[in-house]
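Visitor: Could you take me closely through a single part of this model, the first domain, and show how its pieces relate to one another and to the rest of the chain?

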Amino acid sequence: MDHVFELVIGDKNYSSWSMRPWLLLHHLDTPFDEVPVRLRREDSRQNILAHSPSGKVPALKWSGTTVWDTLAIAELLAELFPDAELWPDDPVQRARARAVAAEMHSGFASLRDQLPMDCISTIVCRDLGLQTAHDILRIVEVWMDCLEAGSDGGFLFSRFGIADAMYAPVVSRFKTYAIDLSDFGDDGRCAEYCRTVLGNDSVKAWFEGARLEMTDRS
Ligand SMILES: N[C@@H](CCC(=O)N[C@@H](CS)C(=O)NCC(=O)O)C(=O)O
């Protein structure tokens, strides 16, 4: 069955939540329309509310309804495209992937606050706060654990999936702020994982979109 999708997103350079479902749709290679809404403007809330009852992006319009939360959109896509294995097929791995994705969805507030996503920029951050450092330590621990458990495809659960989409904006932040993960216990696997994510076609396409968007505005 062909699905008709409209994804309401914020600025590609800044909207980390928008990036996640966009990556999944792009990865699925299924057609979808983008509905861009600019953030950080006086009329942003009003413009988002025209599409999304939560007043936040992303929101996915599909089959006469609107799904307004990143994780809910990811779950819907996993359900609609079972062959893509956006969650791992193995139940134990799937349970772990869900925990890893949920931890991102509900956590790492300090990292998100102190190091906002800015895909195209390089920014010097001289003083990471203690809480942000704790967040990075935990992310390295999570990634190492996944990559240790036999991730032969280079992604957290081998194939690109929801867990990777959830952490892709974190990889973008680590690049922007030049975070050296070896300072946080990485033995090289996390740095390699970042390179894999940054080399992913969907991630590259999002970055290119962010670059074009910002070029158009300058
Ligand atoms: N829990 C939501 C969070 C979404 C969210 O916070 N989105 C931000 C943009 S990245 C937003 O829409 N902020 C409203 C605004 O900037 O006006 C989700 O998972 O989708």
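Guide: What follows is a close look at domain 1, with its contacts and its backbone geometry.

This is a predicted model, in which local features need pLDDT of at least 70 and side-chain atom pairs count only at pLDDT 80 or more, while totals for chains, interfaces and linings use all residues. Residues are numbered from 1 along each chain as its sequence is written.

The domain assignment of the protein gives domain 1 as 5-84 and domain 2 as 91-202, such bounds coming from an automatic or database domain assignment. The C-alpha centres of domain 1 and domain 2 lie 21 Å apart, and 14 residues of domain 1 are in contact with 14 residues of domain 2, where contact requires the C-beta atoms of two residues, placed from the backbone, to lie within 7 Å. On the side of domain 1 that touches domain 2, the elements giving two or more residues are helix H1 (16-28) and helix H3 (70-80); helices (H or I, at least four residues) and strands (E, at least two) are DSSP runs, numbered from the N terminus. H1 gives the most to this side, with seven residues. By class, the side of domain 1 that touches domain 2 holds seven nonpolar, five polar and two charged residues, with Ala, Val, Leu, Ile, Met, Phe, Trp, Tyr, Cys and Pro counted as nonpolar, Asp, Glu, Lys and Arg as charged, and the others, Gly among them, as polar.

H1 and H3 also pack against each other, at an angle of about 10° and with their axes 9 Å apart; the axes are lines fitted to C-alpha atoms, for helices over the stretch in contact, and angles run from 0 to 180 degrees between N-to-C directions. That angle makes H1 roughly parallel to H3, because angles under 35 degrees count as roughly parallel, over 145 as roughly antiparallel, 65 to 115 as roughly perpendicular and the rest as oblique. In this packing, Trp17, Arg20, Pro21, Leu24 and Leu28 of H1 meet Thr70, Ile73, Ala74 and Leu77 of H3, and the residues of the contact divide into seven nonpolar, one polar and one charged.

Trp17 and Thr70 also appear around the ligand, where they are among the closest residues, together with Ser15, Leu39 and Lys56. In total, 16 residues surround the ligand, a residue being near a molecule or strand if its C-beta atom, placed from the backbone, lies within 6 Å of it. The elements that give two or more residues to this shell are H1, helix H2 (44-49) and H3, and the shell comprises six nonpolar, seven polar and three charged residues.

Two points of backbone geometry complete the view. Most residues other than glycine have a negative phi, and most peptide bonds are trans. Val57 and Pro58, however, are joined by a cis peptide bond with omega about 10°, and Pro58 lies in the loop between H2 and strand S3 (59-62). Ser63, although not a glycine, has a positive phi of about 50°, and is found in the loop between S3 and strand S4 (65-67). Ser63 is exposed, because 10 other C-beta atoms lie within 10 Å; a residue is buried if 20 or more other C-beta atoms lie within 10 Å of its own, exposed if 12 or fewer, and partly exposed in between, with C-beta atoms placed from the backbone.
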